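Dear colleague,

I am handing over the structure that we spoke about, and below it you will find my notes. Please read them beside the coordinates and tell me where you would like more detail.

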Amino acid sequence: MDGTPLRVVLAKLGLDGHDRGLKVVARMLRDGGMEVVYLGLRQTTDSIIDAVEQEDADVVGISMLNAGHLTLGPRMVEALAAVGLDVPVVIGGIVPDEDLPAMAAAGVAGVLGPGASADEVVACVQAAADTRS
Amino acid sequence: MVDSDTGRDRDSTAGALSPDDRYRTLSGIPVDRVYGDGPLPGEFPYTRGVHADMYRSRLWTMRMFAGFGTATDTNARFRELLTAGGTGLSTAFDMPTLMGRDSDHDWALGEVGRAGVAVDTVEDMVDLYAGIDLGTVSTSMTINGPAPILLAMYVVVAEESGVAREHLGGTLQNDILKEYQAQKEYVFPPRPSVRLVTDVMAFTAAEMPRWNPVSISGYHIREAGSTAAQELAFTLANGFAYVEAAVAAGMDVDDFAPRLSFFFNSHNDFFEEVGKFRAARRIWAHWMRDRYGATDERSLKLRFHTQTAGVSLTAQQPEVNIARVAIQALAGVLGGTQSLHTDSYDEALALPSEDAVRVALRTQQVIAHETGVANTADPLGGSAYVEWMTDEMERRAEEVFAHLEDLGGGSLLEGVYAGIDSGWFAGEIADAAYRYEREVNAGERIVVGVNAFTEGDNPERRRLLRIGQDTEDLQLKRLATVRQDRDDAAVAATLARVASAAAQPTVNLMPALLEAVRARATVGEVVDTLEAEFGTYVERAVV
């Protein structure tokens, strides 16, 4: 780290409205010294990319509790790559263990599940940021 | 098999307390139907229960929430639940349906049938309830933004199978206010959405006497992170808001209030939950009588469904969730619930598997038939702690009502609108959720298997229900077929009538919605039509 705090864009991608977890994560990251850009509900890959560009974000965190991670996770990673942004993606929500290899293969940098502690959340986002080339 | 209905008069006075031979403890000791002094169960303000005999006269309805994949998939789960002894249906719709979007909408990609059943047209509803007699079963539908459209579809399915709408029994969640506060599945802005709610209330009051048009829900408020007292207060405030809206729309309170129903969460803190349920009944009875002038006794009786707390379930050591659910379910029963859904132990991991659902239903059956807790009404009544907790819940709720009344200039409806517009509800809930997480993080609260007693987790044993991409592909084909086979000109004509009715606030939308869905208009087409008139709601994103 160069001393400037990490900037993290947090969003609900898709139709799922369960935002308890994402809001808690937002506060955990803030308390952990990161800057959080909270986009809220019903975001698209385009609206998230706009925010990443405007805010010069280091990490994107998307949340879904609707079993859409296998579709929407890779889609977010591809969308960022397609516009040439080297910004890692962390997914939070209900992601079964057996899907973790598929998530990693799709280029998702980290997955946070139910019960993750504040330390784990901060460490996961930090580790994702550290993967940037 | 235990007979769940003794045929007793539920509202008979509790004057003659005679032990009934059918109600004995496991050791054979006869048990009275109630203990303690008045006001007894069935007596105002119903703190101890809405029926004199409570579960002696009728057990709670074992209503398991189910929905995944296509209508055919969910239909099979419904039949399995009814065969296993479930006594009512409860329908979970997928996210695109909940948001009023068709399966072929851009936003639906990856979400079709994943977290509930996909319904695009009345043809899906036909398959969803195939082989189930809608004239005898009671059906709950968990849907809010597009609720009137799904109710219209249910009526059309029944009528096309020969069951008249007046014979339909069930519940439409149709509680839009809590969507802005907690669950966030809204489409239109609050005011036109509340008009849709009151349209349904007026329609069912006139034409569907066995239907509960709104299930005023604290469940989602609690799941989003609120405290028990906030759940109680926000939910009842929303209830009062609907009463004010319906009266403002020209209805008499006793014409609709007997059919209002509630839906609460049952979480881990046993006595707090029991106190919450008891306080809910007492507050509702007083407010309905004293503030809203209800005189029909049924308007004063708060009836509710309970679901155990999904948010309390842990992904770690999921079998432990069976114990949590049993204790939460017991709190619901001792709190006097009218129906109950027990969560499945694998729900922190995925949609519930069939085996896990069966264990959850069996948990209710153990409580009903083995524990003896249904033998006497409100067995916790008179406990110093329970009575104190009931009073404390009521006191805290009244503080919230006073705040909302201030915000609304004397109107709870306006106060609730103001609290939504300013983000007050969402902020209160988010604060409570974060406070809880910090306490768990700091080790001040023990969550078994998560921050203590963590040894013994075995991920290999888990068999999860998976919804594959084939569901989405199949649903897209079904939708394309319906679009191809229908009369598009007829659909356009009915949608024009929906638009016209939407533009006139004093016209009830239900007749136009019935015509549209009967012509095989899709959920998304009807929602688009309404959205053109009502607009779209976008919340202020606050953390």
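In chain B, strand E2 (residues 88–92) and strand E3 (residues 138–142) run parallel and are joined by four bridges, where strands (E, at least two residues) and helices (H or I, at least four) are DSSP runs numbered from the N terminus, and where two strands pair if DSSP finds at least two bridges between them. Within this pairing, Ala92(B) stands opposite Thr142(B) of E3(B).

Before going further, I should say that this is a predicted model, in which local features need pLDDT of at least 70 and side-chain atom pairs count only at pLDDT 80 or more, while totals for chains, interfaces and linings use all residues. Residues are numbered from 1 along each chain as its sequence is written, and chains are lettered from A and ligands numbered from 1 in the order in which they are written.

The two strands belong to an open sheet of nine strands in chain B, with the order E5-E4-E3-E2-E1-E9-E8-E7-E6 and parallel pairing. Strand E5 (211–212) and strand E6 (214–217) of chain B stand at its edges with a single partner strand each, so one side of each is left without a neighbour in the sheet.

Helix H8(B) lies across E6(B) and strand E7 (260–266) of chain B, running at about 145° to E6(B); here axes are lines fitted to C-alpha atoms, for helices over the stretch in contact, and angles run from 0 to 180 degrees between N-to-C directions. H8 (residues 228–248) also packs against helix H14 (residues 384–407) of chain B, at an angle of about 50° and with the axes 9 Å apart. That angle makes H8(B) oblique to H14(B), since angles under 35 degrees count as roughly parallel, over 145 as roughly antiparallel, 65 to 115 as roughly perpendicular and the rest as oblique. Among the residues that meet (C-beta atoms, placed from the backbone, within 7 Å) are Leu232(B) and Leu236(B) from H8(B), and Met393(B), Arg396(B) and Phe401(B) from H14(B). By class, the residues of this contact are eleven nonpolar, no polar and one charged, with Ala, Val, Leu, Ile, Met, Phe, Trp, Tyr, Cys and Pro counted as nonpolar, Asp, Glu, Lys and Arg as charged, and the others, Gly among them, as polar.

Turning to chain A, there are five helices and five strands, and from the N terminus on its elements run β-α-β-α-β-α-β-α-β-α. The five strands form an open sheet in the order E2-E1-E3-E4-E5, again with parallel pairing. E2(A) and strand E5 (110–112) of chain A are the edge strands, each with a single partner, so one side of each has no neighbour in the sheet. Strand E1 (residues 7–13) of chain A pairs with E2(A) over six bridges, and the bridge partner of Val8(A) in E2(A) is Val36(A). H3(A) lies across E1, strand E3 (59–64) and strand E4 (89–93) of chain A, at about 160° to E4(A).

Finally, 27 residues of chain A are in contact with 32 residues of chain B. On the chain A side, the elements giving two or more residues are helix H1 (20–31), strand E2 (35–43) and helix H3 (69–82), and H1(A) gives the most, with five residues. That side has twelve nonpolar, nine polar and six charged residues.

With best wishes

Terms used:
Two residues are in contact if their C-beta atoms, placed from the backbone, lie within 7 Å.
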